[in-house]
Amino acid sequence: MTTSNSKFELRGINHLALVCSDMKRTLDFYSGTLGMPLVKTVELPGGLGQHFFFDCGGGNSLAFFWLEDAPDAAPGVAAPKGRPDEGELASAVGSMNHVAFAVPPELFGEYRARLQADGVEVSRVLNHDDSPSGVAKEVHDGTFVRSFYFQDPDGVLLEFACWTREFTPEDVVHEPKTAADRRTTGAS
């Protein structure tokens, strides 16, 4: 199913900006381990920090701030504590849960093996479907995406994912939840 935006001509994500604790280590991971070319570096005014941009394909960029006064990471609040296959998914409202990179289905297994060979701890392969558990052991007609998860040196949750089928109108069937449906005391 092809969809279009009738209000704005959006052309994807220009860049997603995250915060790292060590720009050198981030550069080594994203350019070295993941092969993303570093395409732009910025020194922020007044000694505030740095802003580096990596080409993540398709005209999109992943950017990182290194900020001199950035607070420490808050796993379980600003991001999940671990990977979904470990039972970790929760992060706070307004947080960034994970970044999923589209990869070619025919190279999916090879890419997983490459990361493992580079010493990156990866999750099991998840065949996402509409079953009660949300995943299947094997790919079947109801599988809509295959993925695996891993984390960068600062614990940012990353995913390599490949769509397995086209979406249809039957894929949009759930009523959206509201703030009143949340089980937290902070719901409003």
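A salt bridge is counted here when a side-chain nitrogen of Lys or Arg lies within 4 Å of a carboxyl oxygen of Asp or Glu. The exercises below apply this rule and others to a predicted model.

**Exercise 1.** Decide which side chains meet in a salt bridge, and check the pair against the rule.

*Solution.* Begin with the pair itself: the side chains of arginine 25 and aspartate 154 meet, with 2.7 Å from N to O. Next, compare this distance with the cut-off, which asks for a nitrogen of Lys or Arg within 4 Å of a carboxyl oxygen of Asp or Glu, so the pair qualifies. Finally, place the two residues in the domain assignment, which gives domain 1 as 13-73 and domain 2 as 80-170. Across the interface of these two domains the rule finds one salt bridge.

**Exercise 2.** Describe how domain 1 and domain 2 meet, starting from their C-alpha centres.

*Solution.* The C-alpha centres of the two domains lie 22 Å apart, and the contact draws 15 residues from domain 1 and 14 residues from domain 2. Together the domains bury about 1100 Å² between them, with 73% of that area on carbon and sulfur atoms. Turning to polar contacts, the count between the domains is three residue pairs.

**Exercise 3.** Work out which elements build the side of domain 1 that touches domain 2.

*Solution.* Two or more residues each are given by strand 1 (15-20), helix 1 (23-33) and strand 4 (61-67). Of these, helix 1 provides the largest share, five residues. Sorted by class, this side of domain 1 holds ten nonpolar, three polar and two charged residues.

Terms used: Residues numbered from 1 in each chain as written. Predicted model: local features only at pLDDT ≥ 70, side-chain atom pairs only at ≥ 80, totals over all residues. Heavy atoms only, no water. Domains from an automatic or database assignment. Contact = heavy atoms within 4.5 Å. Buried area = accessible area lost by both parts, 1.4 Å probe. Polar contact = N/O pair within 3.5 Å; in protein donor to acceptor, adjacent residues only side chain to side chain. Helix = DSSP H or I, 4+ residues; strand = E, 2+ residues; numbered from the N terminus. Nonpolar A, V, L, I, M, F, W, Y, C, P; charged D, E, K, R; others polar.
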